[in-house]
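I opened this model to see how its parts fit together. These are my notes, in the order I made them.

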Amino acid sequence: QPVEIDPQTTCSLDGMLLADYPGPKAQIHYQGERQPVFFCDTVELFDALMRPERVRPVKGAFVQDMAQQRWDSPKRSE
């Protein structure tokens, strides 16, 4: 299951707060890791998944569904 993103959740690549950026956020759950890796956008997610030099077993990858969200301030769907 995806982990809820809160106002203090940071991007795993650069430490920036996810809440400061518009658009869908993403997360990868790796095998053997307790916490997911978070990303500010989907481009970062795909970059992490497709780097051949960083192959790691993935349990799941999730992005926010923007069909019912505001692009400039996405929140969890109810």
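**Notes on the helix and the sheet**

I began on the outside of helix α1. Its face turned away from the buried side carries the exposed residues V43 and M50. I keep in mind that this is a predicted model.

Next I asked which residues of α1 are buried. I found E44, L45 and A48. I then looked down the axis of α1. The buried residues fall within an arc of 105 degrees, so they line one face of the helix. What covers them? I noted that the cover includes β1, β2 and β3.

I checked how the helix is placed. α1 spans residues 42–50 and lies across β1, β2 and β3. It runs at about 25 degrees to β1. I also looked at the start of α1. There a side-chain oxygen of D41 reaches to within 3.1 Å of the backbone nitrogen of V43.

**The sheet**

I turned to the strands. I read their order as β2-β1-β3, in an open sheet of three strands with antiparallel pairing. β2 (37–39) and β3 (58–63) stand at the edges with a single partner strand each, so one side of each is left without a neighbour in the sheet. I looked up the turn between neighbouring strands too: it is 15 degrees on average, direction ignored.

I went through the pairings one by one. β1, residues 26–30, pairs with β2 over three bridges in the antiparallel sense. In that pairing I found I28 opposite V37. I also found F39 of β2 as the bridge partner of A26. The two strands form a hairpin, with six residues between them. In the turn I picked out G32, which has a positive phi of about 80 degrees.

How many bridges join β1 to β3? I noted five, and the two strands run antiparallel. Here Q27 stands opposite F62 in β3.

**Strand β1 and the core**

I wanted to know how covered β1 is. Five of its five residues are buried. I then sorted them by face. A26, I28 and Y30 lie on one side, Q27 and H29 on the other, and all are buried.

I looked next for the largest nonpolar core. It has seven residues: A26, I28, Y30, V37, F39, L45 and A48. β1, β2 and α1 each supply at least two of them. The largest share is three residues, and it comes from β1. I set a general point beside this: in soluble globular proteins, nonpolar side chains tend to be buried together.

I followed A26 further. I left aside its neighbours within four places in sequence. A26 is then in contact with V37, F38, F39, D41, L45, F62 and V63.

**A closer look at H29**

My last stop was H29, which is found in strand β1. Is H29 buried or exposed? The cut-off for buried is under 20% relative accessible area. H29 has 11%, so I count it as buried.

I checked its side chain for polar partners. The side chain of H29 makes a polar contact with the side chain of Q27, at 2.8 Å. Q27 is also on the side of β1 where H29 lies.

I then listed what else touches H29, again leaving aside neighbours within four places in sequence. H29 is in contact with Q1, P2, V3, P36, V58, K59, G60 and F62. I noted F62 here as the residue that stands opposite Q27.

Technical notes
Residues numbered from 1 in each chain as written. Predicted model: local features only at pLDDT ≥ 70, side-chain atom pairs only at ≥ 80, totals over all residues. Heavy atoms only, no water. Pairing = 2+ DSSP bridges. Helix = DSSP H or I, 4+ residues; strand = E, 2+ residues; numbered from the N terminus. Axes fitted to C-alpha atoms, helices over the stretch in contact; angles between N-to-C directions. Contact = heavy atoms within 4.5 Å. Buried < 20%, exposed > 50% of the residue type's maximum accessible area, 1.4 Å probe, protein only. Arc of directions from axis to C-beta. Polar contact = N/O pair within 3.5 Å; in protein donor to acceptor, adjacent residues only side chain to side chain. Core = buried A, V, L, I, M, F, W, Y, C linked by side-chain atoms within 4.5 Å.
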